[in-house]
Amino acid sequence: MTNVLIIGATGSIGSVTRKYFLENTDDQLTLMSRYPQKLGQLNECREHAIAGSVMEQTDVRRLLYDI
């Protein structure tokens, strides 16, 4: 099973990408957003939200370690 990281998951491209993967794959999704509360309802079997910013090195390192 593949784990896909979507950085900026609440943005326009991230939202479309998230929807595509949920509808067309069985992949696990790790959703990174500065505002994860804006993600709405998560598919708890397939999605995991992480609060963070790609501009913060510590957030990116933590995220890559977790994946």
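## Strands in register

In this predicted model, I6 stands opposite L31 in strand β2. Numbering starts from 1 in each chain, following the sequence as written, and side-chain values rest on heavy atoms, with hydrogens and water left out. Because this is a predicted model, local features need pLDDT of at least 70 and side-chain atom pairs count only at pLDDT 80 or more, while totals for chains, interfaces and linings use all residues.

Back to the strands. β1 (residues 3–7) and β2 (residues 28–33) pair in the parallel sense over five bridges. Helices and strands here are DSSP runs, numbered from the N terminus (H or I and at least four residues for a helix, E and at least two for a strand), and two strands pair if DSSP finds at least two bridges between them. L5 has T30 as its bridge partner in β2. To get from β1 to β2, the chain passes through helix α1 (residues 12–24), and this β-α-β crossover is right-handed. That label applies if the path from the first strand over the helix to the second runs clockwise, with the strands pointing away from the viewer.

On its other pairing, β2 goes with β3 (47–51), again in the parallel sense and over five bridges. Here L29 stands opposite E47 in β3.

## Two faces and a core

Which side chains of β1 point to the buried face? V4 and I6 do, while N3, L5 and I7 point to the other face and are not buried. Buried means under 20% relative accessible area, exposed means over 50%, and partly exposed is in between (1.4 Å probe, protein chains only). As for β2, five of its six residues are buried, so this strand is largely enclosed by the rest of the structure.

V4 and I6 turn up again in the largest nonpolar core, together with A9, F21, L29, L31 and L39, which makes seven residues in all. β1 and β2 each supply at least two residues of this core. Such a core is a set of buried Ala, Val, Leu, Ile, Met, Phe, Trp, Tyr and Cys residues joined through side-chain atoms within 4.5 Å. In soluble globular proteins, nonpolar side chains tend to be buried together.

Setting aside residues up to four places away in sequence, V4 touches F21, D27, Q28, L29 and T30. A contact means heavy atoms within 4.5 Å.

## Rings and a charge

There is one aromatic pair in the structure. The ring centres of Y20 and F21 are 5.7 Å apart and their planes sit at 90°, so the pair is edge-to-face. For Phe, Tyr and Trp (its six-membered ring), rings pair if their centres lie within 6.5 Å; planes under 30 degrees apart are stacked, over 60 edge-to-face, and the rest tilted. F21 belongs to the nonpolar core, whereas Y20 is partly exposed, at 49% relative accessible area.

Another ring has a charge for company: the charged end of K38 sits over the ring of Y35, 4.9 Å from its centre. This takes NZ of Lys or CZ of Arg within 6 Å of the ring centre and within 35 degrees of the ring normal.

## The loop between β2 and β3

P36 is found in this loop and is partly exposed, with a relative accessible area of 22%. Beyond its neighbours within four places in sequence, P36 is in contact with A49 and A51. P36 and G52 are 16 residues apart along the chain, with 8.6 Å between their C-alpha atoms.

Q37 sits in the loop too and counts as exposed, at 61% relative accessibility. E44 also lies there, exposed at 71% relative accessible area. From E44 to Q28 is 16 residues in sequence and 9.9 Å in space, C-alpha to C-alpha.

## A look at helix α2

R62 lies in α2 (residues 57–66). Is R62 partly exposed or buried? R62 is partly exposed, with a relative accessible area of 35%. Not counting neighbours within four places in sequence, R62 is in contact with I50 and A51. The C-alpha atoms of R62 and G52 are separated by 9.5 Å, and the two residues are 10 apart along the chain.
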